[in-house]
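Thanks for sharing this one with me. Below are my notes, as numbered points to read alongside the coordinates.

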Amino acid sequence: MERKERTLKEELQNGANLRRLAVVVRDSNDAVTVQDFTGRILAWNLGAERMYGYTENDALGISALDLVPEECREEYRNMLASLERGEADTSFETRRLTKNGRVLDVWLTVSVTAPLPDEEGRIRTFSTTERDITERKRVEEELKGTVAELRRSNEELLQFAYVATHDLQEPLRAVASFTQLLGDRYRGRLDADADEFIAFAVDGAVRMQTLINDLLTYSRLSTQAKPPKPTDSHGALGRALANLGGAIGESGALVTSDDLPMVKADEGQLVNLFQNLVGNAVKFHGQEPPRVNVSAALRGNEWLFSVRDNGMGIPKVYHERIFVIFQRLQGREVPGTGIGLALCKRIVERHGGKIWVESELGNGSTFFFTLPKP
């Protein structure tokens, strides 16, 4: 008799606890339930009503399996078994059914926070918090599809650029050769206008060849790229300076560097990156001979490189524009196609880094870029 009275008192107390819990979570936008280890629903909030379409009276006492799609029922039974074994609370993504049969993607959090002990004092209930992520999942899937389509489109454009520029090489080479031959053979034998026109044609053909070669280089950044691996950036700089030997000698430039680290990079592209940045510093110098310094500093999990020069500087309004392909701040009196810094940007971003410039007109420039540690 005494045991029955104690059991009845405990059940009344636990029922009151469950009602207080229900009041606390009643207005939550998430579906909050309390279930026992057989899956029977003991508490049901307004969020659950809105999400699943069952009123509290409909839901209390039914099995939570009624809310679980067939393909997720084994997962639910395994969850009950793990709770029975006393394993830790858990959160995971799953699916649930509404009253009208609609399948929802939900984020489920399970906690043993609704104590209802049995006669032996064991916890026999748990609570769930279920958040509807169906719309978020839909948007994520659409975004994945969009990204995949953009990647495919970008690859097709790069392939087109490669094929187009490669196929243009031979006919353009013929145009340039015969125009040059025309200029050499008939210079001074025709009138001044003819000489000028021929010179324009030769210059145009040469510039077009340079542009096509640069486009080929740009397209090959992806089509002929190598996987990044531990690379000695000091050695890469050395190769770049060797390639620039003629320009450095002619300008009287002095290029120095601090200790440079090992980085995770495609070595060929790293050489290209240094060659473009140092080459620009040598090319666009002021009255004084070019002075260039390359340094690097560790910043978290990446290296921050700087290429500092004493050149003519860049107005702030152009700091973003200079990284756009074919954008040039100087006229044709300075050689180039305006593709070098666009190449630098693609190389750095392919390695997961960023590139930017700090500069003022007349006060030199410092180009910064980041590369990951090996």
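1. A good place to begin is the contact pattern: of the contacts in the chain with a separation of 6 or more, 60% are between residues 24 or more positions apart. Please keep in mind throughout that this is a predicted model.

2. For general orientation, the chain has 10 helices and 12 strands. Its length is 374 residues, and 37% of them are buried.

3. Helix α7, residues 233-243, deserves a look. Its buried residues are Ser233, Ala236, Leu237 and Ala240. They lie on the same side of α7, because the arc they cover around the axis is only 100 degrees. The cover over these buried residues includes the strands β6 (229-232), β7 (254-257), β8 (262-265), β9 (291-299) and β10 (302-309), along with helix α9 (267-283).

4. While you are at α7, check its start as well. There, a side-chain oxygen of Asp232 comes to within 3.0 Å of the backbone nitrogen of His234.

5. On internal voids, I can point you to 2 cavities of 30 Å³ or more. The largest has a volume of about 60 Å³. Its lining consists of Thr33, Gln35, Ala64, Leu67, Val68, Tyr76, Met79, Arg96, Leu108, Thr128 and Glu130. Two or more of the lining residues come from each of β1 (31-36), α4 (73-84) and β5 (125-132). By class, the lining of this largest cavity has 6 nonpolar, 3 polar and 2 charged residues.

6. Next, Ile347, which sits in helix α10 (residues 340-350). Is Ile347 buried or exposed? Its relative accessibility is 2%, so Ile347 counts as buried. In sequence, Ile347 is 78 residues apart from Gln269, yet their C-alpha atoms are 6.5 Å apart in space.

7. Finally, Ser365, a residue of strand β12 (residues 365-372). Ser365 counts as buried because its relative accessibility is 4%, and the cut-off is under 20%. What does the side chain of Ser365 make a polar contact with? The partner is the side chain of Ser359, at 2.7 Å. Leaving aside residues up to four places away in sequence, Ser365 touches Val307, Arg308, Asp309, Gly313, Ile314, Val357, Glu358 and Ser359. Ser359 therefore turns up both in that list of touching residues and as the polar partner of Ser365, under the 3.5 Å cut-off for such pairs.

Notes
Residues numbered from 1 in each chain as written. Predicted model: local features only at pLDDT ≥ 70, side-chain atom pairs only at ≥ 80, totals over all residues. Heavy atoms only, no water. Buried < 20%, exposed > 50% of the residue type's maximum accessible area, 1.4 Å probe, protein only. Helix = DSSP H or I, 4+ residues; strand = E, 2+ residues; numbered from the N terminus. Arc of directions from axis to C-beta. Contact = heavy atoms within 4.5 Å. Polar contact = N/O pair within 3.5 Å; in protein donor to acceptor, adjacent residues only side chain to side chain. 1 Å grid on protein atoms, 1.4 Å probe; cavity = no way out; pocket = protein on both sides within 12 Å on 5 of 7 lines; lining within 4 Å. Points joined across faces, edges and corners; volume = space filled by probe spheres on them. Nonpolar A, V, L, I, M, F, W, Y, C, P; charged D, E, K, R; others polar.
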